[in-house]
Amino acid sequence: MINGPIETSPSGTITDDTPCPICGYNMRGLSEPNCPECGSRFTWNEIFDPTRRIHSYLFEHHPERNIHSFVRTFLGALRPTRFWKSLHPNQPLCVRRLWLYFLLILIPTIGFPIVFTLGSEVALKIVDNMEKREDFKLRHASGRLDRFDLMILRRYPSVDAYLDKSLPTNPATVSQRVMEHNRSLLQAVCTLGAVTFAPIFTLIVFLIFKSTLSKARLNGNHIVRTVAYNSGILFIMGPIVGACSYLFPDRFRYSVNIDYDLLMLVGVAALLIFSASLLIASVRYLRFNRAFAVAFSTQVVVYLIVGNIWLIAEIWGR
Ligand SMILES: [Zn+2]
């Protein structure tokens with residue numbers, strides 16, 4: 001980077017077959033390290049310097065220390081300006097490990113709203129039902145059931161059959177009942193869930209937009225890279241929401257103990273940081289023509305999708 005850019009190119013022209021890292025166009029014979037096909041601009045160092053081929057800590061490049069490289073990549077990507085300067089498109093793509101990283105971030109991120117809202121509610125309900133069952137059995141054994149209980153009990157083959165029906169402890173049955181009777185809970189799942197799906201929405205919209213970018217045969221894996229490494233911000237949204245539910249409890253609106261407005265506020269903040277980081281990556285990493293404009297448009301579409309889900313959840317939750 002600091003060296004004069006032309007110095008590392010022997011003759012000032014590219015003499016060997018050199019594919020453009022973004023679109024694969026052969027840059028042989030060019031006197032500037034700029035791709036005429038997709039418009040990406042590079043420095044000579046990025047194209048030729050072999051010491052810069054492997055990233056110092058990226059998860060894709062370091063299978064020999066998986067946990068270390070995962071954590072370093074996750075933390076590194078939280079500082080997008082520095083991160084997207086350190087990673088460049090000419091560094092080899094390891095598609096399998098890239099997707100592995102993406103999934104390792106996405107699965108807990110998407111799973112969080114379900115576990116946090118629905119899971120905690122179901123767990124509480126099961127514990128509550130178990131206590132009530134014990135109490136009922138005790139009263140039944142000691143002959144302290146009232147006439148009403150005895151009358152209902154007569155319709156069932158056994159006490160357990162009655163209790164399974166009225167006070168279930170089977171997680172599937174309890175989940176179903178909680179969902180049927182607690183719309184605001186589902187609304188919370190949708191509100192948080194829409195945000196956690198932002199990387200998937202972004203990726204899909206980006207790939208659709210990419211396919212319309214006329215002649216440039218952009219390698220879609222570079223787009224996966226920008227989305228995957230920027231998803232860490234949504235991953236940390238989970239613990240933030242969890243912490244807020246203890247710091248700012250609101251038992252009135254949700255049994256999951258969190259203010260609905262706060263939930264949306266955290267969601268909007270996470271989305272804005274995700275978008276900002278994606279825009280930085282579009283300039284620093286995806287250098288093809290109008291990369292910033294394309295990235296910006298994807299975020300507009302993603303906000304519309306998330307906004308619509310929130311609106312539907314809001315109307316439906318009433
Ligand atoms: Zn190119």
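The paragraphs below go through a helix pairing and then a pocket, both in a predicted model.

Two packed helices are described by the angle between their axes and the distance between the axes. For H4, which spans residues 95-141, and helix H11, made up of residues 232-247, the angle is about 25 degrees and the axes lie 8 Å apart. Angles under 35 degrees count as roughly parallel, and H4 and H11 are therefore described as roughly parallel to each other. The crossing that these two helices, H4 and H11, make is left-handed.

The contact itself can be followed residue by residue. On the H4 side the participants are Leu104, Ile105, Pro108, Thr109, Phe112 and Phe116, and these meet Gly232, Leu234, Phe235, Gly238, Val241, Gly242 and Ser245 of H11. Sorted by class, the contact of H4 with H11 holds 8 nonpolar and 5 polar residues, with no charged residues.

Helix H4 also takes part in the largest pocket, since H4 and helix H7 (171-181) are the elements that give two or more residues to its lining. The largest pocket has a volume of about 170 Å³, and its lining consists of Glu121, Lys125, Asn129, Ser166, Leu167, Pro168, Val174, Arg177, Val178, His181 and Asn182. Which element gives the most to this lining? That element is H7, with 4 residues. In terms of class, the lining of the largest pocket divides into 4 nonpolar, 4 polar and 3 charged residues, whereas the contact of H4 with H11 has no charged residues.

Notes. Residues are numbered from 1 along each chain as its sequence is written. This is a predicted model: local features need pLDDT of at least 70, side-chain atom pairs count only at pLDDT 80 or more; totals for chains, interfaces and linings use all residues. Side-chain values use heavy atoms; hydrogens and water are left out. On a 1 Å grid over the protein atoms alone, a cavity is a set of points where a 1.4 Å probe fits but cannot get out, and a pocket is an open set with protein on both sides within 12 Å along at least five of seven lines; lining residues have an atom within 4 Å of a point. Grid points are joined across faces, edges and corners, and a volume is the space filled by probe spheres set on the points. Ala, Val, Leu, Ile, Met, Phe, Trp, Tyr, Cys and Pro count as nonpolar, Asp, Glu, Lys and Arg as charged, and the others, Gly among them, as polar. Axes are lines fitted to C-alpha atoms, for helices over the stretch in contact, and angles run from 0 to 180 degrees between N-to-C directions. Angles under 35 degrees count as roughly parallel, over 145 as roughly antiparallel, 65 to 115 as roughly perpendicular and the rest as oblique. A crossing is left-handed if the near helix is turned anticlockwise from the far one by less than a right angle, and right-handed if clockwise. Contact means heavy atoms within 4.5 Å.
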